[in-house]
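User: Could you take me through a few local features of this model, giving the reasoning behind each answer?

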Amino acid sequence: MLVLLMIFGTAGALFVPGAAVRAHTPDIEVLSTGAESQFPDGIMFSITARSSDEIEEIRVFIKKADLSGRSAYRSVEFEPGKEVTGESILRSGGGGAGYYPPGTRIEFSFEVRNTAGGVLRTPDEEFIYADSRFDWLTISSGLISVYYYGEYVEQRAWTVLEAAEEAMELMVPVLGITPTDPLRIVSYNNYRHMSGALPFRAQAVREGLQTQGMAFTEERVLLVHGFDPTVKGTVSHEFTHLLVAEAAGRAVSQVPAWLNEGLAEYGNIDPTDSYDAALRYGIFTRRLKPLWYLGAFGGSPDDIIIAYGQGRSVVGLLINRYGPEKMAELMQVIQQTLDIDQALSQVYGFDQYGLDTEWREALGIETLPPPEELARQLQEPPTPTAAPTPESTATPEPTPTTAPTPTPEPTPQPEPTQTTSTEDEDGGTPSAGGCSAPMPGQDGGAVGLGALLLLGGPLGMLSFGAFRRRRVTRQHVSTNP
């Protein structure tokens, strides 16, 4: 295993070695170019150029280096003249501006025009947007690099790196991919440091959930709280999101949350019982939603955690009953159909309703009517009835959730699209791991950690054979160096 250790003395200006920055034509010469992190506000691009005629326009062309064919430009501000210095900032943050996570690799070049019609385009350069509050060190193995900072924390960085390697070893055959592009993990020493690098999230979600890691698929970047007790599980879960996005390709937005999060939990090399307990609670309280309502996870924090448990269980059934080869095939077919029901039907012979039915039968719980019938029942006014006895089963009342509306991409500024993970950023106590974890002591829902543990008793007789088989597989994988 080849490992490279790099030290960056200036965290705000991390360059990837590449083409020369000085260029000229007979009438235009570029003396210098640069890019500097102004975290958290964005990246400042600068240029100094001179010409025999007055320079009238300069543009900086920008794109994420991990995306092909998607670039845009920004105008550079300067005072016209024969020798000029100009700047342009690519903003990152909340509001209408795009968000760029630390670790984003940017490719940029400049175009200079003068009044005589001369045009000069500089060679492409690469820049890694860094959180300039810290001086970063890097360890790398193969395609994976981990950025960390501070003294006496290198061993924790190795823990993060090894967790990502184990997840890749486990999930590459399941997803049917052969990664060739770099993947970067930015590891923070505490939650307070990491929270300053996360994108703005809705207050309603912040109050009930917290984030210990967040994956950004377009940028191939993962931010993680490296000293959280569940770091191995968090890293492997979130890293799997990056691999799922690569496997789905252009159809990544068509991968429903139950599948994406279920696969991420299958790739979790250090799973806890929290999602299993949440699933038992969802069954006991009849709060399980139909699978076709779980294209995105919404509702209360309890609903979201239950959905994670449901997705984890469904994906476990698919892989353990039909084999990893079928899942790899599903990732390929969904790129062709751009529809999860069609892809499932082509690969497995059933759609989301059929899968939901098979899964419920496997757990020994009541199945649902077909989607059209269920929708009709939900639209009918309720008929007054006597209170149900303990033996009766209430009709589930799912709230349809829809995929987030993509943010319009402004021109000339490129704008990133965030992973459909449902993580959030506030909170500071250790979590149960995974994307979104319940915050102890919160009153946002009816279930807390104590209630989940208590449910292990009355529902302990439910058989989760798929999980038992999968956990053996994971333990086997995690013993590899």
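Analyst: The turns below treat a helix pair and two strand residues in what is a predicted model.

User: Are the axes of helix α7 and helix α10 roughly parallel or roughly perpendicular to each other?

Analyst: Helix α7 spans residues 301–322 and helix α10 spans residues 352–363, and their axes, 10 Å apart, form an angle of about 90°. Angles of 65 to 115 degrees fall in one class, and the two helices are therefore roughly perpendicular.

User: How many residues of the contact of α7 with α10 are nonpolar?

Analyst: On the α7 side the contact includes V314, L317 and L318, while L355, W359 and L363 are among the residues that α10 contributes. Divided by class, the residues of this contact comprise four charged, two polar and, as the nonpolar group, eight.

User: The side chain of R184 has a polar atom 2.8 Å from a backbone oxygen; which residue does that oxygen belong to?

Analyst: R184 sits in strand β13, which covers residues 183–188, and it counts as buried because its relative accessibility is 3%. Leaving out residues up to four places away in sequence, R184 touches D66, R105 and Y147, among others, as well as R220 and V221. The backbone oxygen lying 2.8 Å from a polar atom of the R184 side chain is that of E219.

User: Is I89 buried or exposed?

Analyst: I89 belongs to strand β7, residues 81–91, and beyond four places in sequence it touches Q38, D41, I43, M44 and R74. Its relative accessible area is 14%, and since the cut-off for this class is under 20%, I89 is buried.

How values were computed
Residues numbered from 1 in each chain as written. Predicted model: local features only at pLDDT ≥ 70, side-chain atom pairs only at ≥ 80, totals over all residues. Heavy atoms only, no water. Axes fitted to C-alpha atoms, helices over the stretch in contact; angles between N-to-C directions. Helix = DSSP H or I, 4+ residues; strand = E, 2+ residues; numbered from the N terminus. Parallel < 35°, antiparallel > 145°, perpendicular 65-115°, else oblique. Contact = heavy atoms within 4.5 Å. Nonpolar A, V, L, I, M, F, W, Y, C, P; charged D, E, K, R; others polar. Buried < 20%, exposed > 50% of the residue type's maximum accessible area, 1.4 Å probe, protein only. Polar contact = N/O pair within 3.5 Å; in protein donor to acceptor, adjacent residues only side chain to side chain.
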